[in-house]
Amino acid sequence: MSRATKLHKTSWCALRQFQQYRTKANFSASIASRNELFAQEQRRQRDAVGRIDKIEVRYLGLPEDVTLVMNNHISTPFNCAQHLSEGHCRRSALALIDGSVPWDMHRPLQESCTLQLLNFNVSEPHVVNKAFWRTCSFMLGAALTRAFKTEANLQLHSFPGPNIKSGSFIHDIVLETQNWQPSKSEMRAISAEMIRLAAQDLRIERLDVQQEIAQEIFKDSKYKSEQLPSIAQQNNGRVSLYRLGDHIDISRGPMVASTHFLGKCTVSAAHKLADEGSAGAFYRIQGVALPCGFKLSHVAYGLLEERSQKLNPARLPHEPFEEQQQLQLS
């Protein structure tokens, strides 16, 4: 090999390393910027409350019904649970307001109401199960972001509304490759990231913002930026954001209170949906999970895993959001 060829090869490798370093640095800066904007708006909304009015929250449930006097636009269902017991705080995954409105545990209450605290053992678990499935999709986005190296140029697209009967939770992504076929070890690595998130017991926060703020938060995300106008149009100009750790995404919610509610979990399949441009492609990542504390035999869980590998028939990434329920109930 000639000296000129060696120099050229060395220079190319150095350039490639620099580009990868710059991509990683830009990605880290983007995450930091999103979180700073989220925190700023969170503080602004808290400061804007002004004079604090009291509300009456009538808790309905064990050990007995009780009326709590709380702070309007500040107190959350979780704060109400703190007045009851540590067990209520730990077990309550979701709140139900006035007997019909699912409500995030860490979302401030907006008026006097009745309050029920839901766990996975309630007689009618459909609402909390749906919130759990949605949360799994949200967590999957965070796990994928952690699992992929920056040179893969992973972009999160969206996660359609949960359909428990489909047998899987999903998250649609874009990769800069059109022939990705993940190995079993790669799928196990993503599953392991989900379990790590659960072990960290990260609080899941909701923040409703104006479209302009959401556009600024996701200014470096092509797909989120494209989705935001339609979402805001059908929600009076507002967008609901969720955060766990440093991961932020768009969802109408509600979601369960913390990542610790995730129990056994398997990221089971990755289906290519369509090419995207000349070099990229859409992929649908799918998984199945149980709430923390739920036990199934190895055979029974294996059947759930097998079912979850079948392509989930939810709305495809390139299909338009047609209804409000489909639009942001992800």
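Which residues have the most contacts inside the largest nonpolar core? That was my opening entry, and I kept in mind that I was looking at a predicted model.

**Entry 1: the cores.** I found that M194 and L262 have the most contacts inside the largest nonpolar core, which has 64 residues. Next I asked which helix gives the most to this core. The answer is helix 4, residues 126-147, with 11 residues. I then looked up the surroundings of M194. Leaving out residues up to four places away in sequence, M194 touches C136, M139, L140, A143, F169, L262, C265 and V267. There is also a second, separate core of 13 residues, and I noted F38, A214, I217 and F218 among them. A reminder to myself: in soluble globular proteins, nonpolar side chains tend to be buried together.

**Entry 2: aromatic rings.** How many aromatic pairs does a search of the whole structure find? It finds 9. I picked F132 and W133 to look at in detail: their ring centres are 6.5 Å apart and their planes stand at 45 degrees, so I wrote the pair down as tilted. For that label, planes under 30 degrees apart would count as stacked and over 60 as edge-to-face. Are these two residues buried or exposed? F132 is buried, because its relative accessibility is 4% and the cut-off for buried is under 20%. W133 is buried too, at 8%. Both belong to one aromatic cluster, together with F120, F169, F261 and F294. I was pleased to meet F169 again here, since F169 is also one of the residues that M194 touches.

**Entry 3: charges over rings.** I looked for arginines placed over rings and noted two. The charged end of R107 sits over the ring of W103, 3.9 Å from the ring centre. R203 lies over the face of F78, at 5.3 Å from the centre of that ring.

**Entry 4: a pocket.** R107 came up again when I turned to the second largest pocket. I wanted to know which residues lie nearest its centre. They are Q45, R46, H73, R107 and P108, out of 21 lining residues. The space in this pocket is about 640 Å³. Helix 1 (3-47), helix 2 (77-82) and strand 8 (205-210) each supply at least two residues of the lining.

**Entry 5: backbone oddities.** Most residues other than glycine have a negative phi, and most peptide bonds are trans. With that in mind, I listed some exceptions. H73, which I had just met at the pocket, has a positive phi of about 65 degrees although it is not a glycine. H73 is in the loop between strand 2 and helix 2, and its relative accessibility of 41% makes it partly exposed. N153 has a positive phi as well, near 50 degrees. I located N153 in the loop between helix 4 and strand 6 (155-158), and at 29% N153 is partly exposed.

Where are the cis peptide bonds I noted? One runs from L62 to P63, and P63 is in the loop between strand 1 (54-59) and strand 2 (66-71). Another joins G253 and P254, with P254 in the loop between strand 10 (247-250) and strand 11 (262-276).

**Entry 6: a pair far apart in sequence.** I ended with K184, found in helix 5, residues 184-199. K184 is exposed, with a relative accessible area of 69%. K184 and S268 are 84 residues apart in sequence, yet their C-alpha atoms are 8.8 Å apart in space.

Definitions and conventions. Residues numbered from 1 in each chain as written. Predicted model: local features only at pLDDT ≥ 70, side-chain atom pairs only at ≥ 80, totals over all residues. Heavy atoms only, no water. Phe/Tyr/Trp six-rings, centres within 6.5 Å; stacked < 30°, edge-to-face > 60°. Buried < 20%, exposed > 50% of the residue type's maximum accessible area, 1.4 Å probe, protein only. Lys NZ or Arg CZ within 6 Å of the ring centre and 35° of its normal. Core = buried A, V, L, I, M, F, W, Y, C linked by side-chain atoms within 4.5 Å. Helix = DSSP H or I, 4+ residues; strand = E, 2+ residues; numbered from the N terminus. Contact = heavy atoms within 4.5 Å. 1 Å grid on protein atoms, 1.4 Å probe; cavity = no way out; pocket = protein on both sides within 12 Å on 5 of 7 lines; lining within 4 Å. Points joined across faces, edges and corners; volume = space filled by probe spheres on them.
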